[in-house]
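Subject: A structure for you to look at

Dear colleague,

Please find below the structure that I promised to pass on to you. I would be glad if you opened it beside this message and followed along.

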Amino acid sequence: MVRNVYDDRIDGVLQRVFGADDGPVYVVDAPASVVEAVVDALSSSETVPEIRLLAVEDAFKTVFEDFLVASEAADHVASGRLALHVAADPGANPTIVANDCVTSLVDAGTRVGGLRSEEADLVDAARTDVQERWERADEYSLRTPPMSTVREELEGDLGAPVQDDFSGMLDSLETARGNDDDLDEVTVSLLAAAKNEALLYDISRWGEDTGVASKATFSRTKSTLEDAGLIETEKVPIEVGRPRLRLTLADERLRDAEPDQIAAAAQTVLN
């Protein structure tokens, strides 16, 4: 007999529910909070089965504005651990449909419950319904590159020190969506490049090639960081064409600082 499960967080409930099944497991009618929790649950465990996540497009868009969450999700999609389909209409309650059990999620704010049933007729009906809905739904196109690809190509193009600083700054941030409180992925990569005195041409080419952002976005963000007094540029002559710009940190005190300290200083200045 299955038991209900409880936790302080949605992803905690999900991990325990997912771990009891071989998959594929359907998570249907997921609001944004559950979409994000599914990604967190997959990132926290290597034993989670294939998850098929059905949610309305707005829920996906809301969550995947966050570069860190979107790039983690892209990793899971690339590995075959996660599939995303767009529901035509929002459902009443997020539900997990496994092979032998149905779990209804109840989020009470400070406490989350997974109310479970293995009654055969209910499970069979729910499984049939969700499989039909899944087949009718379109796949969600996640345009953010996988984080593993971002880091691997950054190290290959600009070297391990730049990649280490980039990862260190991202890891120190809760999100990387470029809002009033957090640094976006372009800002972080430019700061990492400046700490290692890399060329703007090289970091912006990496960003465009991997799909992080366009060269124009890198150029605009570079100007913003210059205007804020965070980075400086110096011209580097080349044999043919216009000189390229080398990026450096404007504050000498930050040049030997840890990535989290650079990120914190940039947040203070930009906000």
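What follows describes one strand with its neighbours, and then one pocket.

This is a predicted model, in which local features need pLDDT of at least 70 and side-chain atom pairs count only at pLDDT 80 or more, while totals for chains, interfaces and linings use all residues. Residues are numbered from 1 along each chain as its sequence is written, and side-chain values use heavy atoms, with hydrogens and water left out.

In a regular strand, side chains alternate between the two faces of the sheet. In strand β2 (residues 25–28; strands are DSSP runs of E of at least two residues, helices runs of H or I of at least four, numbered from the N terminus), Val 25 and Val 27 point one way and Tyr 26 and Val 28 the other, and all are buried, meaning under 20% relative accessible area with a 1.4 Å probe and protein chains only.

Strand β2 pairs with β3 (residues 51–55) in the parallel sense over four bridges, where pairing requires that DSSP finds at least two bridges, and Tyr 26 stands opposite Arg 52 of β3. Strand β2 is also joined by three bridges to β5 (residues 95–97), running antiparallel, and there Tyr 26 stands opposite Val 97.

As for the pocket (an open set of points on a 1 Å grid over the protein atoms alone, with protein on both sides within 12 Å along at least five of seven lines, where lining residues have an atom within 4 Å of a point), residues including Lys 215 and Arg 242 line the second largest one, and the largest share of that lining, three residues, comes from α9.

Best wishes

Conventions. On a 1 Å grid over the protein atoms alone, a cavity is a set of points where a 1.4 Å probe fits but cannot get out, and a pocket is an open set with protein on both sides within 12 Å along at least five of seven lines; lining residues have an atom within 4 Å of a point. Buried means under 20% relative accessible area, exposed over 50%, partly exposed in between (1.4 Å probe, protein chains only).
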